[in-house]
Amino acid sequence: MKLLVLTSNYPRKNALNNGVFIHHQVKALQELGVECHVLLLHNWYPPMGLHKFHASWRDGEALATTFFEEYDGVNIHAVPMYVRLPGRLFKENFYHRAARDIARYIKATPALHGAEWMYAHFLTDNGYIGTKVKELTGIKLAAIARGDDVHAWPEYHPHLVSNIRYVFEHADVMLANNKGLARDAMKFADKVKPDIKIAYNGVDYKAFRFEPLTASQQQEARAKYNLPADKKILMCIGRAEETKGWIELLQAVAENKQLLSDWVLLAVTDQYPGYRHVAVADKVKELGISDMVRVQYFVLPEQVKELYRVSNAFILPSYNEGISNAVMEAMASGLWVITTDVGGHAEIIQHGKGGFLMRPQSMEDVTANLRYLVANYDEQHAAISNAAMASMEQLGDYRHNAKILLGYLEASGK
């Protein structure tokens with residue numbers, strides 16, 4: 001089988017963690033014998049340095065130069081999208097323009113000929129684009145809901161609901177990466193109520209499985225990341241956006257300094273000015289908790305594993321998720337995990353056993369869970385750690401879940 005992956009979320013030279021969960025699934029599909037090609041869009045730009053003369057061209061060149069041609073065995077294609085100028089005269093729909101140029105690229109690229117399936121990530125954009133590419137090429141479409149496309153984006157931009165409904169009507173296979181997300185997506189169903197199949201990502205639980213460090217290893221690893229040797233570490237990983245719950249978390253830390261006197265919050269985030277951006281380091285200074293928080297930027301995947309190993313607990317108070325990749329990795333690492341009851345988190349966490357669930361946007365719940373953590377960590381950590389690791393083993397790794405996804409495509413192709 002030849003599969004074309006339509007996504008805007010994939011590792012790049014300047015952002016190796018970008019879409020890494022999608023990459024792991026694609027790589028697992030390749031290991032199962034599927035020939036995968038990832039298609040990444042960028043604005044077309046002229047050669048010989050002429051891109052400097054227009055903002056659209058500059059943006060295209062800046063993005064395209066961050067793409068790999070091949071990453072970890074997966075072929076990546078930089079697909080140029082032609083933006084007709086001047087924009088005031090050529091009023092084009094972004095999605096239709098993208099579909100036109102993706103279809104053109106597929107037809108002009110021999111390596112992509114004979115593709116049986118497109119696999120589009122996020123319903124509102126690549127899923128919708130995929131329906132238009134299907135109309136132009138005849139290639140079947142599988143589209144997957146992943147989280148923000150069902151929760152945040154339609155909330156902020158209601159017109160995107162029509163995109164979701166169009167995908168429901170025209171995709172050959174409809175997917176969601178957990179049951180909760182499938183239920184949430186169905187709220188948008190209108191003329192067509194699709195049979196949404198569940199395709200979890202999974203997690204490489206063996207790679208993250210807890211392995212105790214010796215005292216000297218622990219000290220050395222903590223020193224590497226400027227973490228105190230005499231404190232317990234509460235870790236949070238998330239984009240520097242309000243929807244990841246940074247405001248509630250940092251305020252809870254500020255209001256409970258005495259309670260958390262034996263703990264340090266390790267905030268792993270980025271500095272990209274995205275939607276509803278939170279400058280985490282600035283907020284830490286503003287709240288006067290610099291002695292209680294360590295902010296870490298630009299962490300590579302192997303470094304993330306190190307940070308899980310030197311941490312004691314993990315918290316993610318995000319407003320919405322599909323299933324957080326970081327939550328699954330933290331559970332596989334045997335950490336005490338606290339997160340919000342959103343998306344599919346309740347499908348992998350039995351509250352009070354394999355972790356703890358709380359309401360989103362609730363300072364009260366964040367504080368209550370921090371209090372419980374401090375009071376009960378020493379006594380209950382071992383049991384919670386074992387239950388969390390068992391839950392991730394039951395969920396399965398990327399290869400196990402890629403087999404399930406592949407089965408849906410093969411069954412639909414018959």
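**Strand β10 and its surroundings**

In the predicted model, strand β10 (residues 263–269) is largely enclosed by the rest of the structure, because seven of its seven residues are buried. In a regular strand, side chains point alternately to one face of the sheet and the other. In β10 both faces are covered. Trp263, Leu265, Ala267 and Thr269 are buried on one side, and Val264, Leu266 and Val268 are buried on the other.

β10 pairs with two strands. With strand β9 (residues 232–237), the pairing is parallel and extends over six bridges. Within this pair, Cys236 has Ala267 of β10 as its bridge partner. The connection from β9 to β10 runs through helix α10 (residues 246–255), and this β-α-β crossover is right-handed. With strand β11 (residues 293–297), β10 again pairs in the parallel sense, over five bridges. Here Leu266 stands opposite Arg294 of β11. Between β10 and β11 the chain passes through helix α11 (residues 280–287), in a β-α-β crossover that is right-handed.

Nonpolar side chains in soluble globular proteins tend to be buried together. In this model the largest nonpolar core comprises 105 residues, of which Tyr308 and Phe314 touch the most other members. Helix α15 (residues 363–395) supplies the largest share of this core, with eight residues. Another core, of 29 residues, lies apart from it and includes Ile22, Phe67, Tyr119 and Ala402.

The surroundings of Phe314 were examined with its neighbours within four places in sequence left aside. Phe314 is in contact with Tyr308, the other residue that, with Phe314, touches the most other members of the largest core. Further contacts of Phe314 include Leu234, Met235, Cys236 and Ile237, which fall within the residue range of β9. Ala326, Val327 and Ala330 are also among the residues in contact with Phe314, and these three belong to helix α13. The contacts of Phe314 also include Leu335, Trp336, Val337 and Ile338.

Helix α13 (residues 325–332) is mostly covered, with eight of its eight residues buried. The buried residues include the polar or charged Asn325 and Glu329 alongside Ala326, Val327, Met328, Ala330, Met331 and Ala332. At the N-terminal end, α13 is capped by Ser324, a side-chain oxygen of which lies 3.2 Å from the backbone nitrogen of Ala326. Just after α13, Gly334 adopts a positive phi of about 80°.

Note on methods
Residues are numbered from 1 along each chain as its sequence is written. This is a predicted model: local features need pLDDT of at least 70, side-chain atom pairs count only at pLDDT 80 or more; totals for chains, interfaces and linings use all residues. Side-chain values use heavy atoms; hydrogens and water are left out. Buried means under 20% relative accessible area, exposed over 50%, partly exposed in between (1.4 Å probe, protein chains only). Helices (H or I, at least four residues) and strands (E, at least two) are DSSP runs, numbered from the N terminus. A polar contact is a pair of N or O atoms within 3.5 Å; within protein, one must be able to donate a hydrogen and the other to accept it, and residues adjacent in sequence count only if both atoms are side-chain atoms. A nonpolar core is a set of buried Ala, Val, Leu, Ile, Met, Phe, Trp, Tyr and Cys residues joined through side-chain atoms within 4.5 Å. Contact means heavy atoms within 4.5 Å. Two strands pair if DSSP finds at least two bridges between them. A crossover is right-handed if, with the strands pointing away from the viewer, the path from the first strand over the helix to the second runs clockwise.
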